[in-house]
Amino acid sequence: MVSDKPLDYDAEIDKLKASMLTKLRARESVNPNGWYSSSIESLIDRLYEEVHELAAAAHDCDGIRYEPDEVMKEAGDVANFAMMIHNIAQHEKERDNDTD
C-alpha cells in the first residue's frame with residue numbers, strides 16, 4: 001500500500017493528464033496528424049509494446065529496485081495509446097450515429 005490517505009482520483013488523473021499532454025505535444029512536432037492517420041490495429045500493437053516496456057521497467061532486476069520515473073514514463077505511454085484507441089473508436093461511433 002502506498003498511502004493510508006483516501007485516494008483523490010481527480011488529483012491523480014490531473015497528474016497523469018499533465019504527463020500525457022507533455023508527451024503528446026512532444027510527438028506533435030514529429031507527426032502533426034497525430035494518431036488520426038493510424039489504424040486501431042496498429043495502435044493496439046503499439047499498446048502491447050508499451051505494456052511490455054512498462055512491465056520491464058517495473059520489474060526489480062537482480063535485487064535492484066526499479067526507477068519510479070521510468071515506470072511513470074512507461075505508464076504514461078500506455079495511457080496515451082489507450083486514449084488514442086478510445087478516441088478513434090469514439091469518432092467511428094459518432095460517424096456511424098451521424099449516418100443513421
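In the predicted model, the elements of the chain follow the order α-α-α from the N terminus on. The secondary structure accordingly comprises 3 helices and 0 strands. The radius of gyration of the chain is 17 Å, well over the 13 Å that the globule rule gives for 100 residues, so the chain is more spread out than a compact globule. Along the principal axes, the C-alpha atoms occupy a box of roughly 55 × 30 × 25 Å. Of the 100 residues in the chain, 20% are buried. Among contacts with a separation of 6 or more, 75% join residues that lie 24 or more positions apart.

Helix 1 covers residues 9-28 and thus has 20 residues. From its first C-alpha to its last, helix 1 reaches 28 Å, close to the 28 Å expected at 1.5 Å a residue. The N-terminal end of this helix is capped by Asp8, with a side-chain oxygen of Asp8 placed 3.3 Å from the backbone nitrogen of Asp10. Three residues of helix 1 are buried, namely Met20, Lys23 and Leu24. These residues cover an arc of only 100° around the axis, which puts them on the same side of helix 1. On the other side of the helix, the residues Asp10, Lys15, Thr22 and Arg25 are exposed. The packing partner of the buried residues of helix 1 is helix 3 (68-99).

Lys23, placed in helix 1, illustrates this packing in detail. Its relative accessibility is 17%, and residues under 20% count as buried, so Lys23 belongs to the buried class. When neighbours within four places in sequence are left aside, Lys23 is in contact with Lys73, Gly76, Asp77 and Asn80. Gly76, Asp77 and Asn80 are among the buried residues of helix 3.

Helix 2 (40-58) has 19 residues and reaches 26 Å between its first and last C-alpha atoms, close to the 27 Å expected at 1.5 Å a residue. The buried residues of helix 2 are Leu43, Leu47, Glu50 and Ala57. Seen down the axis of helix 2, these residues fall within an arc of 85°, so they line one face of the helix. The face turned away from this buried side carries the exposed residues Glu41, Tyr48, His52 and Ala56. As for packing, the buried residues of helix 2 lie against helix 3.

Helix 3 contains 32 residues, which should span 46 Å at 1.5 Å a residue; the C-alpha atoms at its ends are 47 Å apart, in agreement with this expectation. The buried residues of helix 3 are Val71, Glu74, Gly76, Asp77, Val78, Ala79, Asn80, Phe81, Met84, Ile85, Asn87 and Ile88. They pack against both helix 1 and helix 2.

Individual residues of helix 3 show how these contacts are distributed. Glu74 is found in helix 3 and is buried, with a relative accessible area of 4%. Apart from neighbours within four places in sequence, the contacts of Glu74 are Glu50, Glu53, Leu54 and Ala57. Val78, treated in the same way, is in contact with Leu47, Glu50, Val51 and Leu54. Met83, also found in helix 3, is partly exposed, with a relative accessible area of 26%. Beyond neighbours within four places in sequence, Met83 is in contact with Met20, Leu24 and Trp35. The C-alpha atoms of Met83 and Ala58 are separated by 21 Å, and the two residues are 25 residues apart along the chain.

The largest nonpolar core consists of 9 residues: Leu24, Trp35, Leu43, Leu47, Val78, Phe81, Met84, Ile85 and Ile88. Helix 2 and helix 3 are the elements that give two or more residues to this core. Helix 3 gives the most, with 5 residues. Among the members of the core, Leu24 is a buried residue of helix 1, while Leu43 and Leu47 are buried residues of helix 2.

Methods: Residues numbered from 1 in each chain as written. Predicted model: local features only at pLDDT ≥ 70, side-chain atom pairs only at ≥ 80, totals over all residues. Heavy atoms only, no water. Helix = DSSP H or I, 4+ residues; strand = E, 2+ residues; numbered from the N terminus. Expected span 1.5 Å × (residues − 1). Buried < 20%, exposed > 50% of the residue type's maximum accessible area, 1.4 Å probe, protein only. Arc of directions from axis to C-beta. Contact = heavy atoms within 4.5 Å. Polar contact = N/O pair within 3.5 Å; in protein donor to acceptor, adjacent residues only side chain to side chain. Core = buried A, V, L, I, M, F, W, Y, C linked by side-chain atoms within 4.5 Å. Rg over C-alpha atoms; globule rule 2.2 N^0.38 Å.
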